[in-house]
Structure formats: C-alpha cells, structure tokens
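Q: Hi, could you walk me through this model?
A: Happy to; let's bring it up.

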Amino acid sequence: MSKRLPTSTAGSLPKPSWLAEPETLWSPWKLEDEALIEGKQDALRVSLQEQQQAGIDIVSDGEQTRQHFVTTFIEHLSGVDFEKRKTVRIRNRYDASVPTVVDAVNRHKPVFVEDAKFLRRQTDKPIKWALPGPMTMIDTLYDDHYKSREKLAWEFAKALNQEAKELEAAGVDIIQFDEPAFNVFFDEVNDWGIAALERAIEGLKCETAVHICYGYGIKANTDWKKTLGSEWRQYEEVFPRLQKSNIDIVSLECQNSHVPIELVELLRGKKVMLGAIDVATNTIETPEEVAATLRKALQFVDADKLYPCTNCGMAPLSRSVARGKLSALSAGTEIVRKEL
Ligand SMILES: [Zn+2]
C-alpha cells in the first residue's frame, strides 16, 4: 500500500431498501432470481460509490452480496442440511436455530468469485473481500457428522482455501477472515484455531487479514459486553500467538471500547486494522475523535503498518449514519497523515 494510513471498513455496509429491510441485520432479500442478481450488483455499485466518495482507500462490496456473514458461505457447501435445524448457543452468548452438518463438507463450486470479479471491474482501488473464519463457522452449526470441532474447522479451512485462491486470482488484494469466535474460545484458538486459519490462507500471495471484534451493536452483544468489566483483555489471550502466525493483518475493535490500547503492542510487526469508528451507536464520530484514537494507537504500531478501519460491520445502521461515519474515518485519518 503506497498511501500512508490507508482506510477501509471491517465489512458490511447498509443495504438499500429495495434490496433488503433497512436497519435490519440478516434481512431476507426483497427480490428473487434474475432480479436479485441484478439488485445485488446495483447495490454493490452504490456501496462502492459511497465508499469512494467518502475517500475510503481499500474498498469492498459492502457485503451487498450476502445475507449473513457465515451462513451465506455455508449454503454453498455440500454436507450441511439447512432443513434439519437445531438450537445451539452461539459464542456462549445467545441461542440460535442453526443447520446441521450431516455429511462430509465440500466446496464443489465457487461462492463469491463472480461477485469479486464484478467488484474488480468497477474500481482500480485495492479491494478487500471478507470470508468467515473456520472457528466462527463451526460455532454457527450443529455437527452431527464429524463430532469434533477441530476436525470440522479443518475441513472448512480447506474449503475456504479453495475459495480464497480463486478470489486472489480474481484480483482481490486482501482476503479477510472474520473470527469473532477468537474472542471467546481462547484455549481452542491457541490449540488449533490459528492453525486452521493458517490452513485457510495456505499458498496465498495476496495479503490476508483476520477480523476479531466484539460484534455488531445488537442486544445480545451489548448485554455480553456489560459482563466483561471495565477492561476488556480478551485480545491478550490470542494476540501473542497471532503475532507469530502467517497472517499479515489483524483487524480489531478500539473506538469507544474498553480494550486497553497497549494490547496492540502484542502485535508489533503485524499490520493493524484499527477500529476507529464505533458501529454500536448512531452518533457520528468527529474527525478529531478519530484522530485521537489513531494517535493513541501509533504509540503501539508503526505508522507504515496502521490501517484505520471501523470496529465491525455497519449493516444495521441507517445509510446516512454509515455515510457520515465513513467520511469521519477519512477526515480523521487525514488529520493524522498530516502530522506524520
Ligand atoms: Zn466484527
């Protein structure tokens, strides 16, 4: 990345009201068949235009092409029965009805590759594509086949690696794996979670990132955050091992969170996508607030490795709030760029 402090978003952006229910996470599509394909492409164009207009440097599809950050990927695999549902506890936090793994999981066809090619044709800017991470995928399913979280994660890692290689060939510059589960299952992360992630990025030449956050601003998450105390030290459990991993970039939450900023030091040497925008409030940060967060982070990450970002996805926010936050991210970053 030639530009200093390149900005990006963690992932999702709001969908237009003609495609999905506004301000609703995981809303069903309002269109079908051909109209849906066209609708998603149009939404991608609008989302890209809004990112570019706000001055975002590393752009994405705004996740206009998927309904859910985990299940849309899993729907394209064989071995998972979406009719056979079980209620499980997601990340030890809330119950959800999830599909069942009934047979060996395999990826027989690409999932997002055509969407990524479409995005690539629309812009010359660096593009980032998000995929779910293996551990977060297994935590969103009931496993009636492998009966081993580690084994299932390993199989998903292989499928993700196939997809990632095709995304790379389609011209994606950064492939990001979303692993909010890394903030919950520390022993498993260190035992096999990071190894599974490294299996997912095996042989890739493009840059790779892992996004670890405290989730969307939904009630289950905000209730959970209230139980975490005044200092959120979860990152302390996984950063040391991640620092030694092959992953290039770590994306983390920082703005308005109780994460002690000095934990970023544990990643020294890695690139850091630092969340300087809070996605759990409609209040739009001022550029100066963004700049203050970035200045604090610069004590613990070298300037050439700091990538200003949002805490998490902005899908549940209104479009105008999301636009305001994108502009604040750019303007705040510009203040700090001038100080370097
Ligand atoms: Zn997130």
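Q: What sits over the ring of Phe112?
A: The charged end of Arg66 does, 4.2 Å from the ring centre. A charge counts as over a ring if NZ of Lys or CZ of Arg is within 6 Å of the ring centre and within 35 degrees of the ring normal. Similarly, Lys86 lies over the face of Tyr142, at 4.9 Å from the ring centre.

Q: Before I go on, how should I read the numbers?
A: This is a predicted model, where local features need pLDDT of at least 70 and side-chain atom pairs count only at pLDDT 80 or more, while totals for chains, interfaces and linings use all residues. Residues are numbered from 1 along each chain as its sequence is written, and side-chain values use heavy atoms, with hydrogens and water left out.

Q: Cool. Which protein atoms are donors of the zinc ion?
A: They are His211 (NE2), Cys213 (SG) and Cys312 (SG), lying 2.1 to 2.3 Å from the zinc ion. Donors here are N, O and S atoms within 2.8 Å of the metal (3.2 Å for Na, K and Ca); water is not among the atoms, so sites may look incomplete.

Q: And where do the two cysteines lie?
A: Cys213 is in the loop between β6 (207–212) and α7 (219–226), and Cys312 is in the loop between β9 (306–309) and α10 (319–339), so the pair ties together parts that are 99 residues apart in sequence. Helices (H or I, at least four residues) and strands (E, at least two) are DSSP runs, numbered from the N terminus.

Q: Are those cysteines buried or exposed?
A: Cys213 is buried at 5% relative accessibility, and Cys312 is buried at 7%. Buried means under 20% relative accessible area, exposed over 50%, and partly exposed in between (1.4 Å probe, protein chains only).

Q: Switching topic: what's the strand order in the open sheet?
A: The six strands run β3-β5-β6-β7-β8-β9, with parallel pairing; two strands pair if DSSP finds at least two bridges between them. β3 (128–132) and β9 are at the edges with a single partner each, so one side of each has no neighbour in the sheet.

Q: How many bridges join β7 to β8?
A: Four, between residues 249–252 and residues 271–275. Ser251 has Met273 in β8 as its bridge partner.

Q: Last one: which residues do ring pairs link into a cluster?
A: Tyr214, Trp224, Trp232, Tyr235 and Phe239. Rings of Phe, Tyr and Trp (its six-membered ring) pair if their centres lie within 6.5 Å; planes under 30 degrees apart count as stacked, over 60 as edge-to-face and the rest as tilted. Tyr214 and Trp232 are both buried.
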